[in-house]
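Welcome! Let's walk through this structure together, one question at a time.

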Amino acid sequence: MKRFNVTGVCIPEKHYMVDISGKLAKIKEMVDYGDYFTINRARQYGKTTTLFMLGKVLKDEYTVVSISFQGVGDEGFESAAAFCQMFLCLIHRALKFAGVSEEYRESWLNGEVSGFVELGAHITKMTENKKVVLMIDEVDQTSNNRTYLHFLGLLRDKYLKREQNEDYTFQSVILAGVYDIKNIKLKLINEGVYTPSAEENKFKNSPWNIAADFEVDMSFDPTEIATMLLEYEADHHTGMDVRAIAEEIHGHTSGYPFLVSRICQHIDTKFGKDWSRQGVQKSVSSFLVESNTLFDDLYKNLENNEDLYSLIYGILMLGKKRTFAVGSPAVEMARVYGIIKEEDGGATVSNRVFELIICNHFMAKDEMLSKRRITGVLQRDVTEGGRFDMELCLRKFAEHYAEMFSERDAEFIEREGRMLFLSYLRPLINGQGFYHIESELTDLRRMDIVVDFGSEQFIIELKLWKGEAGHEKAYEQLAGYLDAKGLKTGYLLTFDFRKGANKQPYAKWAELRGMRIFDVVV
């Protein structure tokens, strides 16, 4: 019986997989055209599986050489001679399973190749009148060595000569890794591990500047997710609404391959095959306490780069709208790591799961550094019979807020109000529900928090007091959002920084166009 897989390459005969034939067809078009290109995506984004499946698609028309720099060690990059022999050995090993003659396979080994000039001549000989596709996975594993850059330069020069009918070389070269190889020289310079020579500086940007743009969307859309669920349903007959569950999974993951498969794996093995909306939510909630390599890398990358931390903290916790500034080191790093995506020209966190775990990481860290948070309310205080009492939750927040904070705290609250409320809310829903921020609305003057608890969903809008007219507008905005969500009840929490008698905190119910809004001003 097949199962869901989140470790290593996915095998169609062993694992439930999304049908990516449409993506593979687009990549094959690039190979057929003779493009050289890079598949650079964040960790666990399906790069290795894509190369594996692409090899199966190409094998009838091409000799496919699929190698990886994972685990080869630094010794293979210590000199040109060491690299060339390592490269030829990797090709020799890969061709054992490529359906070529043993004579051709053995011919790739050549002990006389001790530099890139000899390697170039050998590649010419081995690719003459043959369509050979070279795929290299994990190309950035040992990229802190100038030898690798010289190798890219060799591929570049041979590609240009091939285009002028002056050389034979690979039909297509596909490099897969986290970092964009076009900018890898700049990365090495910034890390202080590479100083280009005057000759190399002539190329300013990269020895890989001949690469075609790779614009294939490797995330999974709901229709693609449904193909995997249909295969599973054919085996297990759970009665799931495949289309609805595919949409729900996509809503939390934005199609990030690892997250999609992880949710499905948890439902299948940990949550009694509960293929319902609640089952998906339970699986997402389990991420809160899970340690895995993807999340560990996410935390490490945030903590190791102050500018990156500041960027994401500002977007999520301070409501700072950020333009998707191409060329900004922090924005580029966040994009490379899969933390943000571009949406309407702005930078937003790439999926709700990342929003959730990063917010929790920020809050846990801030709680260690500061005691400025509302405590004393327990989950049992605001839950009864498995239902969450959001009205009581907000009343208790307002009560404790009035006890703890004064007018002197206005600057702190205006900056940290979002963090303060989420720090209060998180332990009250933890284990049975979760929240997410509507990322397209990340602006403290209008911020929708969606809380899922059991079968219920709550919409809470956080705002700053901007006068009666502004407050009426907030009612209209919340009502419009409720209408879009098909809900009749919403919650409005407003921070009022007026002083003295002008400030009149309250908590009351109001009605607007047949909808009920619990309006709290603190």
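Q: How many bridges join strand β14 to strand β15?
A: This is a predicted model, in which local features need pLDDT of at least 70, side-chain atom pairs count only at pLDDT 80 or more, and totals for chains, interfaces and linings use all residues. Residues are numbered from 1 along each chain as its sequence is written, and side-chain values use heavy atoms, with hydrogens and water left out. Strands (E, at least two residues) and helices (H or I, at least four) are DSSP runs numbered from the N terminus, and two strands pair if DSSP finds at least two bridges between them. β14 (residues 506-512) and β15 (residues 515-521) run antiparallel, and the number of bridges joining them is seven.

Q: Which residue in the turn between β14 and β15 has a positive phi?
A: The two strands form a hairpin with two residues between them. Before the turn, Lys 508 has Asp 519 of β15 as its bridge partner. In the turn itself, a positive phi of about 50° belongs to Arg 513.

Q: What is the bridge partner of Lys 463 in β13?
A: Strand β12 (residues 456-464) pairs with β13 (residues 489-495) in the parallel sense, over five bridges. Six of the seven residues of β13 are buried (under 20% relative accessible area; exposed is over 50%, and partly exposed lies in between, with a 1.4 Å probe and protein chains only). Within β13, Lys 463 is matched with Thr 494.

Q: Is Lys 28 buried or exposed?
A: Lys 28 is found in helix α1. Leaving aside neighbours within four places in sequence, Lys 28 is in contact (heavy atoms within 4.5 Å) with Leu 54, Val 57, Leu 58 and Glu 61. Its relative accessible area is 16%, so Lys 28 counts as buried.

Q: How many residues are in the largest nonpolar core?
A: A nonpolar core is a set of buried Ala, Val, Leu, Ile, Met, Phe, Trp, Tyr and Cys residues joined through side-chain atoms within 4.5 Å. In the largest one, the residues that touch the most other members include Leu 229, Ile 339 and Phe 388. Apart from it lies another core of 39 residues, among them Phe 69 and Phe 170. The number of residues in the largest core is 116.

Q: What is the volume of the second largest pocket?
A: On a 1 Å grid over the protein atoms alone, a pocket is an open set of points with protein on both sides within 12 Å along at least five of seven lines, while a cavity is a set where a 1.4 Å probe fits but cannot get out; lining residues have an atom within 4 Å of a point. This pocket is lined by 37 residues, with Gly 8, Gln 44, Tyr 45, Gly 46 and Lys 47 nearest its centre. Helices α1 and α2 are among the elements that each supply at least two residues of the lining. Its volume, the space filled by probe spheres set on grid points joined across faces, edges and corners, is about 710 Å³.

Q: What is the volume of the largest cavity?
A: The structure holds four cavities of 30 Å³ or more. The lining of the largest one includes Ala 42, Arg 43, Asp 297 and Tyr 337. The largest cavity has a volume of about 70 Å³.
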